[in-house]
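User: I am a first-year student and I would like to go through this structure by question and answer. Please reason each answer out before you give the value or name.

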Amino acid sequence: MKFVNYDPTQKLNTIQGSTQASSNEMAYGGNVSGLNAMNKALQEATNTWEEIDKRKDYIDVTNAINEFNNSTNQLLNDDKDGLMNRKGMNAQSILPDYNAGVDKIQREIMGKYKFRTNDAINAFTKAVETSKTTDYNNISKYSRGQYETALSTATQNQITNLRDSAIRSDNMADQMKTITLMGDLYRSTGKELGLDDEQINEKIRANTDETGKYLLDRAVAENDSTRTENLISSLSGVVSESVLTSYKKMSNQMNINKLVNDDNTYAKLYKMYGHDLNSGMNSAAMYIRAKMETQNEEAIKGGVGQQKQLWDMAVYAHNKYGINTEIAYRQLYAEGMDGGQLSRLSRENHNYAGLTQSEPNGEENKQPPEDGDAYYKMYHSDNEFVDDWMQNYILNRKGAVDAKSVAEYAQIMTNTGYHGTSTEHYINLMNSAPMASGGNPKYSEDQIKKSEDDAKTAYKNYYTLQEQTRKIAINDRLQAGQTILNQKIANGDVSGAFQYAQVQLAGATTPEEQEYWSGKMASERPKLDRIYEKGLKMTAQEKWGIKQYAKSHTYEQTRAYAERVLPNKIMDDELDASLLEIDDNNKKASNIDLTPYEYKLADVMPKDKTLAGSFKYGVKQEMAGRIEEFKVKHHRPPTDAEKDEIFDAAVATSTLRSTSKPYFADGDDYSSTISGASNQAIGIIHAEPVGNHYIRVTYRDGSTQDIYESEYNALQRRYTNG
């Protein structure tokens with residue numbers, strides 16, 4: 001480019017890298033066609049690249065949004081770890097964990113795609129916010145639902161626990177407190193859940209009705225008529241009347257059943273009338289009518305006119321503690337009313353008698369200075385007050401519960417220091433209580449008549465059961481007595497048996513037992529006499545023992561021995577004669593000298609040396625008998641030669657010959673003629689071997705004994721002449 005000229009007046013035509021048009025084409029920048037072409041080309045290139053970036057970002061944004069949605073969906077709904085799987089109160093942690101998770105997902109995606117355009121960034125951000133808004137709404141609904149479910153479940157569990165506690169409790173005041181607490185719990189939970197007052201009250205009403213039914217069902221199931229009646233009184237105005245109606249009917253019937261099935265009363269009647277069933281039944285019916293009519297009179301007084309709340313409290317006191325209902329009502333009225341209305345203490349503290357305590361319980365309960373410095377008690381219910389009032393202020397005053405008139409009761413209160421006013425003034429206060437008229441009787445006449453019939457039947461059943469029990473007891477005593485009597489008879493204690501029967505007759509307290517033992521004395525006396533007489537006689541074995549003793553002792557020694565060993569037995573004439581004969585034979589045998597015959601004895605003696613003495617004794621007995629026969633026949637004593645023959649004959653007798661062997665062999669006939677005579681002498685009616693050289697002998701009385709064969713042989717020899 002060639003410099004042509006310089007015009008100092010020419011304005012600058014270059015501004016910020018651009019040129020200004022100039023009329024001089026030769027001036028710098030005066031010809032801008034090339035520059036414009038270049039600028040156009042650059043602009044077109046720029047537009048092209050921007051369009052490419054936009055298209056790429058569009059694709060990335062689409063992918064990023066899809067990836068974000070997939071990640072947040074997995075964060076919320078993953079089968080294993082999804083936040084929306086959390087239940088109950090755990091659902092309250094979903095939102096903070098969601099925010100933390102979404103922020104992390106968003107940062108990771110932004111770092112991954114690195115958007116180039118603001119439009120892309122704005123599009124992704126908007127999509128994220130839209131998704132989060134949707135998720136926030138779902139999380140809020142879900143968390144709220146879980147919270148409400150958890151709160152409702154927790155509340156219902158508390159309600160169930162409270163109801164169970166109330167049902168298990170035997171304290172009616174605590175049960176009423178529990179019902180109130182359940183209502184408060186429903187109210188606070190309902191407000192938290194956004195329920196309106198009508199919805200809350202409906203829930204409280206339904207729960208109260210259900211709890212009341214549970215309490216009444218338990219009392220009915222336990223057949224506790226008093227508790228059922230008191231519960232109905234306490235629940236009146238709390239539980240729906242539609243619920244109480246059926247229980248009132250049940251309570252009425254339970255009261256009738258309690259009257260009709262009063263075993264304590266029937267026990268007194270049974271004791272009074274004994275076996276006179278008809279008198280007992282009639283008295284039972286009269287008792288039931290009197291009771292039901294008395295309750296009707298009290299129900300009539302409970303009609304319109306008196307202070308119903310105080311009357312119900314008096315009925316509760318009567319049912320539980322026995323105080324006269326009207327007297328209790330009049331006293332409660334005198335002390336709990338102020339100007340015809342319930343006093344502040346009565347309304348707010350359930351304290352109807354101004355009862356106090358030393359422990360502070362609030363300045364509002366402090367006594368006025370003129371009355372003292374104690375504090376008025378507070379009770380949760382009317383029944384709780386009545387229990388404290390009766391147990392600690394009335395029952396300990398002698399005669400108060402049994403008083404029949406206001407005057408009598410007021411005088412007792414004065415004498416025991418219950419009040420500080422005069423008896424007359426206190427009577428006037430009590431008599432100022434309005435009494436009702438026109439109330440409905442509790443039982444109809446038909447119910448009373450039916451109850452009379454039921455009472456007769458119930459008493460008859462009681463009477464029958466008592467009679468059966470009594471007869472069973474009598475029979476048991478008689479059987480036990482008869483067993484003892486039989487044992488004494490079996491043991492031979494005839495005297496003891498007779499004396500026992502006499503004692504039982506003397507101690508008999510019932511006609512049945514007197515008749516039994518009287519008849520037993522008459523029927524058993526002959527039998528006892530026979531047993532007694534039989535018991536005096538000696539048995540064959542006893543006689544055998546006495547005879548054996550006599551063989552080696554004198555008659556006098558034998559008699560003394562028998563009296564010593566058998567003091568309760570009588571020796572009959574037959575035995576006595578046998579003893580005399582044995583004694584005589586002993587004396588005769590003692591005179592026989594076998595010395596001259598020793599050489600012969602050696603040949604005939606038993607091989608069993610233990611039998612030598614018995615054998616010689618038998619020989620002497622035999623010789624003595626033969627010598628006596630010789631004397632009778634020849635009228636003189638035998639000579640020595642003749643004695644020698646007598647000796648030979650004596651040892652040759654069949655009985656003595658049987659002793660030549662030490663014992664009988666198995667199979668020998670022990671009832672043969674060889675031993676038959678001896679057996680008869682010692683009372684044996686049969687003998688047989690049982691093996692191992694033992695003999696089983698049977699005596700006349702049926703008894704048996706196993707003895708060794710050598711002993712049996714000895715018995716045979718000893719009794720050859722016994």
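User: How many of the 12 residues of helix α11 are buried?
Analyst: In this predicted model, helix α11 covers residues 325-336, and a residue counts as buried when its relative accessible area is under 20%. Among the residues of α11 that meet this condition are Y329, L332 and Y333. The helix is mostly covered, and the number of its residues that are buried is 10.

User: How far does α11 reach from its first C-alpha to its last, and what span is expected?
Analyst: The expected span takes 1.5 Å times one less than the number of residues, and α11 has 12 residues. The value expected in this way is 16 Å, and the reach in the model is close to it, at 16 Å.

User: Which residue caps the N-terminal end of α11?
Analyst: The contact to look for joins a side-chain oxygen to the backbone nitrogen of E326, and the two atoms lie 3.0 Å apart. That distance is within the 3.5 Å allowed for a polar contact. The residue that supplies the side-chain oxygen, and that caps this end of the helix, is N324.

User: Which element gives the most residues to the largest nonpolar core?
Analyst: This core has 39 residues, and those that touch the most other members are L310, F385, W389, M390, I394 and Y409. The elements that give two or more residues to the core are α10, α11, α13, α14 and α15. Of these, the one that gives the most, with 7 residues, is α10.

User: Which residues of α11 are in contact with W389, leaving aside neighbours within four places in sequence?
Analyst: With those neighbours left aside, W389 is in contact with A353, L355, I394 and Y418, among others. The list of contacts also includes residues that fall within α11, which runs over residues 325-336. These residues are A328, Q331 and L332.

User: Is the ring pair of Y352 and F385 stacked, tilted or edge-to-face?
Analyst: The structure holds 15 aromatic pairs, and in this one the ring centres are 5.4 Å apart with the planes at 55°. Planes under 30 degrees apart would count as stacked and those over 60 as edge-to-face, so with its angle of 55° the pair is tilted.

User: Are Y352 and F385 buried or exposed?
Analyst: The pair links distant parts of the chain, with Y352 in the loop between α12 and β5 and F385 in helix α13, 33 residues apart. The relative accessibility of Y352 is 1%, while that of F385 is 0%. Because buried means under 20%, Y352 counts as buried, and F385 likewise counts as buried.

User: Which two helices are tied together by the pair of Y549 and Y561?
Analyst: The rings of Y549 and Y561 are stacked, at 3.8 Å centre to centre and with 10° between the planes. Y561 counts as partly exposed, at 22% relative accessibility. The two residues are 12 apart in sequence and lie in separate helices, so the pair ties together α19 and α20.

User: Is K600 buried or exposed, and what is its relative accessible area?
Analyst: K600 lies in helix α22, which covers residues 598-604. Leaving aside neighbours within four places in sequence, K600 is in contact with D644, F647 and D648. A value under 20% counts as buried, so K600 is buried, with a relative accessible area of 17%.

Terms used: Residues are numbered from 1 along each chain as its sequence is written. This is a predicted model: local features need pLDDT of at least 70, side-chain atom pairs count only at pLDDT 80 or more; totals for chains, interfaces and linings use all residues. Side-chain values use heavy atoms; hydrogens and water are left out. Rings of Phe, Tyr and Trp (its six-membered ring) pair if their centres lie within 6.5 Å; planes under 30 degrees apart count as stacked, over 60 as edge-to-face and the rest as tilted. Helices (H or I, at least four residues) and strands (E, at least two) are DSSP runs, numbered from the N terminus. Buried means under 20% relative accessible area, exposed over 50%, partly exposed in between (1.4 Å probe, protein chains only). A polar contact is a pair of N or O atoms within 3.5 Å; within protein, one must be able to donate a hydrogen and the other to accept it, and residues adjacent in sequence count only if both atoms are side-chain atoms. A nonpolar core is a set of buried Ala, Val, Leu, Ile, Met, Phe, Trp, Tyr and Cys residues joined through side-chain atoms within 4.5 Å. Contact means heavy atoms within 4.5 Å.
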